[in-house]
Number of protein chains: 2
Amino acid sequence: MRTVEWDYKLNEVRMIDQRLLPGEFKVATLSDFQQVADAITNMVVRGAPAIGASAAFGLALTAMRSKANDVQSLRTELQIAADTLRSARPTAVNLGWALDRMISATSTFDGGLVQLQELILAEAQSIADEDVEINKRMAAHGAELIEDGDTIIHHCNTGALATVDWGTALGVIRMAHEQGKRIHVLLDETRPRLQGARLSAWELEQYGVPYEIITDNSAGYFLSRGQAQKVFVGSDRTAANGDVANKIGTYMLALAAKDNGVPFYAVVPTSTIDLSIASGDLIPIEERGAEEVLDLQRAGQPISPHGAGARNPAFDVTPNRLVSAIVTENGIVQAPFDINLPKAVGGK
Amino acid sequence: MRTVEWDYKLNEVRMIDQRLLPGEFKVATLSDFQQVADAITNMVVRGAPAIGASAAFGLALTAMRSKANDVQSLRTELQIAADTLRSARPTAVNLGWALDRMISATSTFDGGLVQLQELILAEAQSIADEDVEINKRMAAHGAELIEDGDTIIHHCNTGALATVDWGTALGVIRMAHEQGKRIHVLLDETRPRLQGARLSAWELEQYGVPYEIITDNSAGYFLSRGQAQKVFVGSDRTAANGDVANKIGTYMLALAAKDNGVPFYAVVPTSTIDLSIASGDLIPIEERGAEEVLDLQRAGQPISPHGAGARNPAFDVTPNRLVSAIVTENGIVQAPFDINLPKAVGGK
């Protein structure tokens, strides 16, 4: 199954509960937009593209299960649902992008209630389907950057689980592997929620890609000893100048790559590029609860003294000077990013 | 009690079992050098100065509990014990430094068996006592670098638990706090063994120093937002050129400090400076077992898929170009380190 998908029989959203992997494979079924918003906030589903598709399906739930008697009432319900979904997490731009696209698709609509419901569901399904197709195009572009024998450092999870299917940075790695290139992946475990050790490892097991897990703080060690030739990451939001907001730790990884002359690539669908934001300083960074740092993942066992506090920013910004190139579905974008990113977004 | 100490009534070594903190305060009692070597390898005791003192007491155990009938037999026993202790962990230089000093103290000895035993114990006790005194001198020097209102990022544990008492980098922080400076500490949790979240947090609770725990990968975020003004770390071995081998993650932290113009200070007793090693490239880096990465600390619960591999280097090397100054018990050493470190080691 896909990471998130529509159940046409039951008019439900089904998504893989990513909090439980790799120990347990469980599918959550959601029947209203509030459940979808909660699933995004609580990271049942995570990854910028997967969040975008989930939000779109959240609106589809509102439409398909609405008790509205007319088009205007349904439009009002959709707007309320969109506002709630939009605030589920602040950093990934795909959330807003998908909701804007959904609302925009209805803006010139002047048919009846049932047609509007069908249009909303069809648009959500399109977003999901296009995500898979876009990822495969990105993977083909990005795989050109990988050479036979490369060891690649990867941060967080950017695979099928972070998208509707296939993945961004991990999709590039998977493509290179399927092309027969002999590669090895060092997976940053990605504290505090360990998406690398849990989710990316689980995916690479299934694809048969050789990997080892490393602590985030040891990437510099391997880079400084010539034990990694490429770094690939995703992005939750990329500013117009190529500054990359991504999972916390990406910035320090990029510094270590730069210090050792190792290329650092961000793999980002154009839906993740926010041309309205001039630089990364302006991207809102979510700070999550201290308990994610203080309690070991799912162990329910505090690691720190009673009463200890913690800070928990979920993302950071990697300045464009540390980014070697940005891989999009429309090709590989080189610096100057402020000139070349808008062209890529425009499909040129 | 001290982190490691001699029990004069029972002729035993007592040390705080640091694997159990902060959940449990338990004192291990050791009665032969092999137990001491195991305690060092398994990290019952850790931290370069604490390891050095423990090794010295390991030789004292051999001496005081020896069944040797003559001085030569005891010397042979001591040499065997020293060889075992020396290989307990490879990176920290204090281990070899303390053992060399112990053996050297006996080299011109020409008395009887009992006097040799007493001399060995007295030398071990001197190493332990001097460690505390040296740390306090370092703390006084280092505290001059801290200003009222500073937020300080600290890596691993370098406090009383990493030494015989008082600490190195954390000792500097404690001293600044006791001088009445209002400071805040962001403690790197320090994966995989979480010495920061467990041990440094436990110490700062007791000293009353305000702190928060952060993931190692988020230090760059706080530095880039101007939320930290200083970085203080310890060192397991510092090369003659000022390259600093320290707990894994130190190098990436130093890069992030440099990238944001934040001073990065290493606090190192001269016993940790290895003038026989020209640069950090030559320092042996211990790689420990994968299970430290794959199993959450003490949770006995794997975080990764069955069969996942991991790499686990315990230390890395921070090049001297990233080091703002090195604090020793003989004062604050500035670059060029290859000129100034030997002077500091010589007490000038």
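Here, two residues are in contact when heavy atoms of theirs lie within 4.5 Å. Everything shown below comes from a predicted model.

**View 1. A:Arg191, tucked into a loop of chain A.** This residue belongs to the loop that joins strand 5 (184-188) to helix 7 (195-207) of chain A. Buried or exposed? A:Arg191 is buried, at a relative accessible area of 2%. Setting aside neighbours within four places in sequence, A:Arg191 is in contact with A:Asp216, A:Ile248, A:Glu292, A:Val293 and A:Ile303, and also with B:Glu189, B:Arg191, B:Thr215 and B:Asn217. Look along the backbone too: the peptide bond from A:Arg191 to A:Pro192 is cis, with omega near 5 degrees. A:Pro192 sits in the loop between strand 5 and helix 7 of chain A.

**View 2. Another cis bond, from A:Leu21 to A:Pro22.** Omega is near 0 degrees for this peptide bond. To find A:Pro22, go to the loop linking strand 2 (12-16) and strand 3 (27-30) of chain A.

**View 3. B:Thr190, a non-glycine residue with a positive phi.** Its phi is near 70 degrees. B:Thr190 is in the chain B loop that runs between strand 5 (184-188) and helix 7 (195-207). With 0% relative accessibility, B:Thr190 counts as buried.

**View 4. A:Trp166, with a positive phi of about 85 degrees.** A:Trp166 is not a glycine either. Look for A:Trp166 in the loop between strand 4 (151-154) and helix 6 (169-178) of chain A. A:Trp166 has 8% relative accessibility and counts as buried.

**View 5. Helix 4 and helix 5 of chain A crossing each other.** At what angle do the axes of these two helices cross? Helix 4 (residues 93-105) and helix 5 (residues 113-143) cross at roughly 140 degrees, and their axes come within 10 Å. That angle makes helix 4 of chain A oblique to helix 5 of chain A. The crossing of the two is right-handed. On the helix 4 side, the contact uses A:Trp97, A:Ala98, A:Arg101, A:Met102 and A:Ala105. These meet A:Leu119, A:Ile120, A:Glu123, A:Ala124, A:Ser126, A:Ile127 and A:Glu130 from helix 5. Sorted by class, the residues of this contact are eight nonpolar, one polar and three charged.

**View 6. Helix 1 and helix 3 of chain B, side by side.** The axes of helix 1 (residues 33-41) and helix 3 (residues 71-86) of chain B come within 9 Å and cross at roughly 10 degrees. Angles under 35 degrees count as roughly parallel, and helix 1 and helix 3 of chain B are therefore roughly parallel to each other. B:Phe33, B:Gln34, B:Val36 and B:Ala37 from helix 1 meet B:Ile80, B:Ala81, B:Thr84 and B:Leu85 from helix 3. That contact has six nonpolar and two polar residues, with no charged ones.

**View 7. The largest nonpolar core, with 78 residues.** Which residues have the most contacts inside this core? They are A:Ile153, A:Leu223 and A:Val231, along with B:Ile153, B:Leu223, B:Val231 and B:Ile326. Zoom in on B:Leu223: leaving out residues up to four places away in sequence, B:Leu223 touches B:Ile153, B:Ala228, B:Val231, B:Leu253, B:Ala256, B:Ala257, B:Asn260 and B:Val262. There's also a second, separate core of 74 residues, and A:Val172, A:Met175, B:Ala139 and B:Ala308 are among them.

**View 8. Helix 9 of chain A, largely enclosed by the rest of the structure.** Eight of the ten residues of this helix (residues 250-259) are buried, so the helix is largely enclosed. The buried ones are A:Thr250, A:Tyr251, A:Met252, A:Leu253, A:Ala254, A:Leu255, A:Ala256 and A:Ala257. After helix 9 comes A:Gly261, with a positive phi near 65 degrees.

**View 9. Two buried glycines, A:Gly280 and B:Gly52.** A:Gly280 is in the loop between strand 11 (273-274) and helix 10 (291-294) of chain A, and its relative accessible area is 0%. Not counting residues up to four places away in sequence, A:Gly280 touches A:Ala239, A:Asn241, A:Asp243 and A:Val317. B:Gly52 belongs to helix 2 (residues 48-64) of chain B, and its relative accessibility is 1%. With the same residues up to four places away left out, B:Gly52 touches B:Asn94, B:Leu95 and B:Ala98. B:Gly52 and B:Asp131 are 79 residues apart along the chain, with their C-alpha atoms separated by 9.5 Å.

Conventions. Residues are numbered from 1 along each chain as its sequence is written. Chains are lettered from A and ligands numbered from 1 in the order in which they are written. This is a predicted model: local features need pLDDT of at least 70, side-chain atom pairs count only at pLDDT 80 or more; totals for chains, interfaces and linings use all residues. Side-chain values use heavy atoms; hydrogens and water are left out. Axes are lines fitted to C-alpha atoms, for helices over the stretch in contact, and angles run from 0 to 180 degrees between N-to-C directions. Helices (H or I, at least four residues) and strands (E, at least two) are DSSP runs, numbered from the N terminus. Angles under 35 degrees count as roughly parallel, over 145 as roughly antiparallel, 65 to 115 as roughly perpendicular and the rest as oblique. A crossing is left-handed if the near helix is turned anticlockwise from the far one by less than a right angle, and right-handed if clockwise. Ala, Val, Leu, Ile, Met, Phe, Trp, Tyr, Cys and Pro count as nonpolar, Asp, Glu, Lys and Arg as charged, and the others, Gly among them, as polar. A nonpolar core is a set of buried Ala, Val, Leu, Ile, Met, Phe, Trp, Tyr and Cys residues joined through side-chain atoms within 4.5 Å. Buried means under 20% relative accessible area, exposed over 50%, partly exposed in between (1.4 Å probe, protein chains only).
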